[in-house]
Amino acid sequence: MPPSARSIVFLSDFGLSNEWVGICHVVMNRISPESPIVHLSHLVRPLDILFGAVLLKDSLPYIAEDAVVLAVVDPHVGEDRDLALETQDGRLFVGPDNGLLAPAWETVGGVRRAVEITSAEVVQQPVAESFHARDILCPAAAQLARGMTIDRLGSDVDPETLVGLTVPEPEIEPGKIRSEVVDFNRFGNVKLNAREEHLAAAGLDLARELAVEAVKASTRARRGATYADFDPGEYGIIVDPRGWVTLVRGNPASALEGLGLAAGDPVWITAASH
């Protein structure tokens, strides 16, 4: 494989029930056929920029540093600028200017250079206003992967003008955490915006059992390390592989359904009284 043929890591909310992922793949393959295309996920919750941004940020340590990262979650396609950017550590990202890329670039020290993708030698014509991924973002990612320099993609954008995104932090006080739901999966496991250090800051890290209160329901949840630590239907709290405090239930029950939770809902965690 030529040294210039970088891999492309692709994240989107496109789902798998139509041709969108496939047509993006073949567009990139036609431009840079030597580039492996790695599909990180296409099941980001529809239009949920925060969900996609957190997933990308958490995945970054496992993505090859020379890969071109293409991320598309774009509720306002056609309105946001289409960007390519280089971070301070030399990574390349392509995506809409809506905050989706911000947590990832902040993790690696910020943006060194950004351009708006407008070059006639890159953009496919005619551009479908509702499908910039196919006609603008994918061609740009593939051109970068085959060795094109970022300056040839379009005009420079001041990094200070890029749209940022703040991942909400939990509220911590002695013995209590106010968190919120940032993610959940098909098994009904609920990821909260809290990590092990937040449990420690609240003095809850050594508690063997915690009280969990949601808007619609409450329960007690035992601390554990993995899903197998809990009996069927039993509530538990683990730290998931991405480092997030996660509410689970012993299989095959669902913590999401049992507590009536949805993305953005508040969840309070305290020490369980005996």
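Helices (H or I, at least four residues) and strands (E, at least two) are DSSP runs, numbered from the N terminus. This is a predicted model, in which local features need pLDDT of at least 70, side-chain atom pairs count only at pLDDT 80 or more, and totals for chains, interfaces and linings use all residues. Residues are numbered from 1 along each chain as its sequence is written, and side-chain values use heavy atoms, with hydrogens and water left out.

**View 1. Leu-162 sits in the loop between strand S7 (154-157) and strand S8 (171-173).** With 9% relative accessibility, Leu-162 counts as buried (under 20% relative accessible area; exposed is over 50%, partly exposed in between; 1.4 Å probe, protein chains only). Which residues touch Leu-162, leaving aside its neighbours within four places in sequence? Its contacts (heavy atoms within 4.5 Å) are Arg-81, Leu-83, Leu-85, Asp-97, Trp-105, Val-111, Ala-114 and Val-157. Look also for Gly-95: its C-alpha is 12 Å from that of Leu-162, although 67 residues separate the two along the chain.

**View 2. Helix H1 (residues 20-31) shows its buried residues.** The twelve residues of H1 reach 17 Å from first C-alpha to last, close to the expected 16 Å (1.5 Å times one less than the number of residues). Val-21, Cys-24, Val-27, Met-28 and Ile-31 are the buried ones. Seen down the axis of H1, these residues fall within an arc of 130° (taken from the directions from the helix axis to the C-beta atoms), so they line one face of the helix. They pack against strands S1 (8-12), S2 (37-41) and S3 (68-72), and against helix H4 (132-145).

**View 3. H1 meets H4.** The two helices pack at an angle of about 40°, with their axes 9 Å apart (axes are lines fitted to C-alpha atoms, for helices over the stretch in contact, and angles run from 0 to 180 degrees between N-to-C directions). H1 and H4 are therefore oblique to each other (under 35 degrees is roughly parallel, over 145 roughly antiparallel, 65 to 115 roughly perpendicular, and the rest oblique). Among the residues that meet are Cys-24 and Met-28 in H1, and Cys-138 and Pro-139 in H4.

**View 4. Here are three spots in loops to find.** Most residues other than glycine have a negative phi, and most peptide bonds are trans. Leu-47, between S2 and helix H2 (49-59), has a positive phi of about 70° although it is not a glycine. Leu-47 is exposed, at 52% relative accessible area. Pro-126 lies between strand S6 (111-117) and H4, and the peptide bond from Gln-125 to Pro-126 is cis, with omega near -5°. Pro-252 lies between strand S14 (244-249) and helix H6 (255-259); the bond from Asn-251 to Pro-252 is cis, with omega near 10°.
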